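Biologist: Before relying on the terms applied to a model, I should like to hear how each one is justified.

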Amino acid sequence: MTQTLLKHGRHLVGSELVPCDVLIEDGKIKAIGADLNAAEDATVIDLNNNLITPGLIDIHVHLREPGYTNKETIVTGSRAAAHGGFTTIAAMANLKPTCDTPERFKKQVERNEKDGAIKIIQYSPVTKDRAGKEPVDVAAQYAAGARLFSDDGAGIQDAGVVYRAMQQLAAHDLVMCDHAQDNQLANGGVINDGPVAQKLGLPGMPKISETAQIARNIVIAQATGAHYHVCHVSTKESIELVRHAKQLGINVTCEVTPHHLLLADADIPGDDAEFKMNPPLRSRQDQEACLAGLLDGTIDCIATDHAPHTDAEKHQGFLASPNGIVGSETAFALLYTRYVKNGIFTLGQLINWLTGNVKKVFKLDNVGLLKVGDPADIAVFDIDHQDTVKADQFFSKGHNTPFIGDQVYGMTDKTFVDGKLVYDREEEK
């Protein structure tokens with residue numbers, strides 16, 4: 001029997017932070033309460049009055065291995081996630097080769113288990129080679145262990161392919177997570193279509209490129225009975241579509257990223273690709289709609305879309321740089337600082353959008369809660385002291401984010417997975 005006792009923390013009960021110890025035994029939570037005792041040989045860790053939460057869950061991460069290990073690896077990406085308080089992440093399938101056969105899928109899972117610092121759920125692509133031409137064999141992928149399916153990074157252009165894929169997914173009660181983008185309507189845009197694009201002289205991506213495909217896929221989800229999940233929703237009209245679909249009883253859910261909650265295209269200072277992502281930062285009205293959709297329950301959860309690139313790639317300006325920013329290491333602190341400390345939403349809501357709601361939407365077992373008997377997946381955050389977001393403290397290979405230099409509260413102090421300490425701020429000092 002191995003015990004670890006976490007002393008002098010605080011956790012959220014209702015709307016109040018109350019003193020809390022956590023006793024971990026053999027990787028599971030043995031007890032939660034005040035003034036707990038442990039065996040004489042237990043490891044005791046003082047949490048210095050920091051916040052204890054369930055380990056966060058990120059349903060949308062890019063780990064880049066195999067194929068793009070100059071950007072990220074399973075080791076660096078999973079350590080970055082642990083640095084952000086995440087204990088479970090779901091890794092997208094835009095890899096080279098992608099895991100579109102049972103053999104490749106199993107091999108990818110083995111890689112994740114071998115090198116991951118935390119728990120990694122592997123996505124299967126929806127279509128072979130993510131080419132959008134032919135659905136994968138869902139039954140075979142399911143038998144190999146696949147539970148999440150996405151071609152993220154590309155929208156599936158052929159409605160017939162989506163229809164056949166959703167039929168297969170519905171038969172196994174599986175979810176299709178969709179990067180909603182009609183390429184014909186995207187028009188080669190690299191930034192939101194609007195005044196900022198005109199000012200910078202850059203091709204704009206119209207909002208209809210997202211909404212048109214969401215509308216199409218909602219109709220297909222209704223016809224097939226599949227669970228359709230919209231990745232990184234970004235426009236007011238997209239959120240209205242999801243809201244209406246939910247009112248009709250269609251099985252539709254969606255996520256929003258921290259950057260679409262925190263920024264709008266008006267915040268882009270110039271031709272700076274640290275602000276380039278897909279979908280692009282939209283208007284201030286769209287940003288406000290994302291916040292409203294989260295608050296009224298239309299948007300189910302928050303996901304980072306952690307997308308590392310090299311510094312050289314991101315220093316090429318909007319036209320030439322790849323899409324995406326890193327997010328694993330800053331998500332909680334940025335959102336806590338901007339929205340919880342300013343009373344826009346509560347700490348309980350933030351924790352739920354990053355844990356319980358993700359667990360519910362994706363039917364995840366043994367993650368996302370802080371209760372006796374569950375695996376000891378725990379995050380500890382310092383919400384009382386201000387810190388600075390610094391690129392040289394990132395574990396990710398990618399430093400591509402517009403939030404470098406931000407002053408934040410809520411940086412991660414410690415992260416535990418199955419009771420094992422996988423990130424400790426003390427070791428950085």
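The exchange below takes up one residue and then the cavities.

Modeller: This is a predicted model, in which local features need pLDDT of at least 70 and side-chain atom pairs count only at pLDDT 80 or more, while totals for chains, interfaces and linings use all residues. Residues are numbered from 1 along each chain as its sequence is written, and side-chain values use heavy atoms, with hydrogens and water left out.

Biologist: Why is Pro54 called buried?

Modeller: Buried means under 20% relative accessible area, exposed over 50%, and partly exposed in between, with a 1.4 Å probe and protein chains only. Pro54 has a relative accessible area of 11%, and is therefore buried.

Biologist: What is Pro54 in contact with, leaving aside its neighbours within four places in sequence?

Modeller: Contact means heavy atoms within 4.5 Å. Pro54 is in contact with Ile351, Thr355, Gly368, Leu369, Leu370, Asp377, Ile378 and Ala379. Leu354 lies 300 residues from Pro54 in sequence, yet 9.3 Å away in space, C-alpha to C-alpha.

Biologist: What makes a space a cavity?

Modeller: On a 1 Å grid over the protein atoms alone, a cavity is a set of points where a 1.4 Å probe fits but cannot get out; lining residues have an atom within 4 Å of a point. Grid points are joined across faces, edges and corners, and a volume is the space filled by probe spheres set on the points. The structure holds four cavities of 30 Å³ or more, and the largest has a volume of about 50 Å³.

Biologist: Which residues line the largest cavity?

Modeller: Among them are Pro258, His259, Leu262, Ile325 and Phe403.

Terms used
On a 1 Å grid over the protein atoms alone, a cavity is a set of points where a 1.4 Å probe fits but cannot get out, and a pocket is an open set with protein on both sides within 12 Å along at least five of seven lines; lining residues have an atom within 4 Å of a point.
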